[in-house]
Amino acid sequence: MPVQMVGPFPLEVFWLIELLLVIALVFIGFKRPIYEAMAIAFAFTIVMTGRYDLFWSGLLGPTTSGLFYIIVGFLVFAHILGKTRVVEKLINIILAVIGGLPGGAGYVALFGSCALATMTGTGPGNVAATGVFTIPAMIRSGFPRHLAATVEMAASMLGNQVGPGLNLVAFAILSTLYPDKYSLSTFWLGLYIVFGWLLLQRWLTLLAFCKYYKVQPVPKEERPDLRTAIKEGWSALLIPVFILGPIIIDSLFKDALVARYGPDGAKAFSASVLLMAAGFCTFYALLIGRKEIPGGFNFRGVFAMFRDSLKGVVPVSATIYLAYAIALVFQKVEMSEAIQTWFLGLGLGKVGWAFWIVLFTCFLGMVLPGSSQVAILGSAIISTGAAVGIDPFLVAVVMPAITGVMEGVTPPLALAMYTAMGIARSKFWETAKLTYVWVLAHGVVTFLLLVGLLPIFIN
């Protein structure tokens, strides 16, 4: 299909710009919730493309996606983790171990929030759950308010790298482009390796900030006793094992699963492993946190907790659902193919492509949620990266880092930054300026990953 050009750009690029402007106008200009902006954007997409025949198929299409239900399951799990105070038990263990180091409160925030990030997949939610403990502790140990806010923000947004969410959308796109070539579990391990590099970058950045601001350890009287913290929180340490265990089994023991259950059984196990982990870990969190359930560990108390989770789960789920719907429409009008053809015509190599895509997604993150970026442009990103010689698996596992992680830390969208600012009571401009230091460091690491200078070890 020939690409229709408008000046130097294909028509589809103008469609994308118009869509971004509509979302920005509704979300930023009229200050409406992002899910309302996405609903209006879906209707606008139908009108803009003139494909009225795609309205119902696009709107109902996401209901058939198993990945969407995995996202919802982990959003509920994140709510239960906070309400049962399981997160607080994890943070107390970390605080007892490293809180006595200079700048120890920052390391507690870094590792505590990253630990929660592996379980939940929501940056602003991580800030809200852990920041109420870590940000005041950082401020009391000498962190400037804006630094405390950005440390928590930078750590919590890693949830979009490894917690189930837009990375599942990335895997769905990768699987569509390369059917049956990659397993979800192998993909998940790749996400964790990228997560490890980003965690190292944040630790080094935090180390530099601690030396610059000369921050102190957490006061001894505020640090829990290690033995007591482990006694009270050891059961919470098993949650990452319950999440990663089945994933590792599925990835590393594929042949054994095929031999035991057959190809179809192994494929079904791979498709359901994350949803199973979400359900089991939710039940486990209720069990070990049962004393914290308002109304007690009974049907009424548990039902009330799940009912209350709707306030946080539904808006995020609706946003992701509508992003899927918009992506389905763009898939039918072959937007990805048009942008890919145009972009490849620019003649960039690996280095130029990697630099451009990191910069471009950083800009998009200022106005567009990462899930929308991946759903709308994920196919074009993976395809053009592969066309310039970069492994598509590598592009796919780094894509959540340059879209979803960036989205929460690049103003004006920057929901994680605003959440952290509210807890720290820091000023906007001084927080925003420091935020871009984290953004720059994050961008350098993702660029080095894409060009292959930082290995991911698996394929």
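A salt bridge is a side-chain nitrogen of Lys or Arg within 4 Å of a carboxyl oxygen of Asp or Glu. The legends below describe a predicted model, in which local features need pLDDT of at least 70, side-chain atom pairs count only at pLDDT 80 or more, and totals for chains, interfaces and linings use all residues. Residues are numbered from 1 along each chain as its sequence is written, and side-chain values use heavy atoms, with hydrogens and water left out.

**View 1. The salt bridge between E36 and R32.** The side chains of E36 and R32 meet with an N to O distance of 2.8 Å. Burial is graded by relative accessible area (buried under 20%, exposed over 50%, partly exposed in between; 1.4 Å probe, protein chains only). E36 is partly exposed at 27%, and R32 is partly exposed at 40%. Side chains of opposite charge can pair when their charged atoms come close.

**View 2. The salt bridges of R51 with D53 and of D308 with R307.** The structure holds 3 salt bridges. In the pair formed by R51 and D53, the closest N and O atoms are 3.0 Å apart. R51 is partly exposed, with a relative accessible area of 28%, whereas D53 is exposed at 54%. Between D308 and R307, the N to O distance is 3.7 Å. D308 has a relative accessible area of 31% and is partly exposed; R307, at 46%, is also partly exposed.

**View 3. The surroundings of S113 in helix α6.** Helices (H or I, at least four residues) and strands (E, at least two) are DSSP runs, numbered from the N terminus. Helix α6 comprises residues 104-120 and includes S113, which is buried at 0% relative accessibility. A polar contact (a pair of N or O atoms within 3.5 Å; within protein, one must be able to donate a hydrogen and the other to accept it, and residues adjacent in sequence count only if both atoms are side-chain atoms) of 2.6 Å joins the side chains of S113 and E152. A polar atom of the S113 side chain also lies 2.9 Å from the backbone oxygen of A109. Beyond its neighbours within four places in sequence, S113 is in contact (heavy atoms within 4.5 Å) with residues including V108, N126, T130 and A155.

**View 4. Helix α1 and the residue K31.** Helix α1 has 19 residues (residues 11-29). Its expected span, 1.5 Å times one less than its number of residues, is 27 Å, and the 26 Å between its end C-alpha atoms agrees with this. Among the buried residues of α1 are W15, L16, L19 and F27. Just after α1, K31 takes a positive phi of about 55°.
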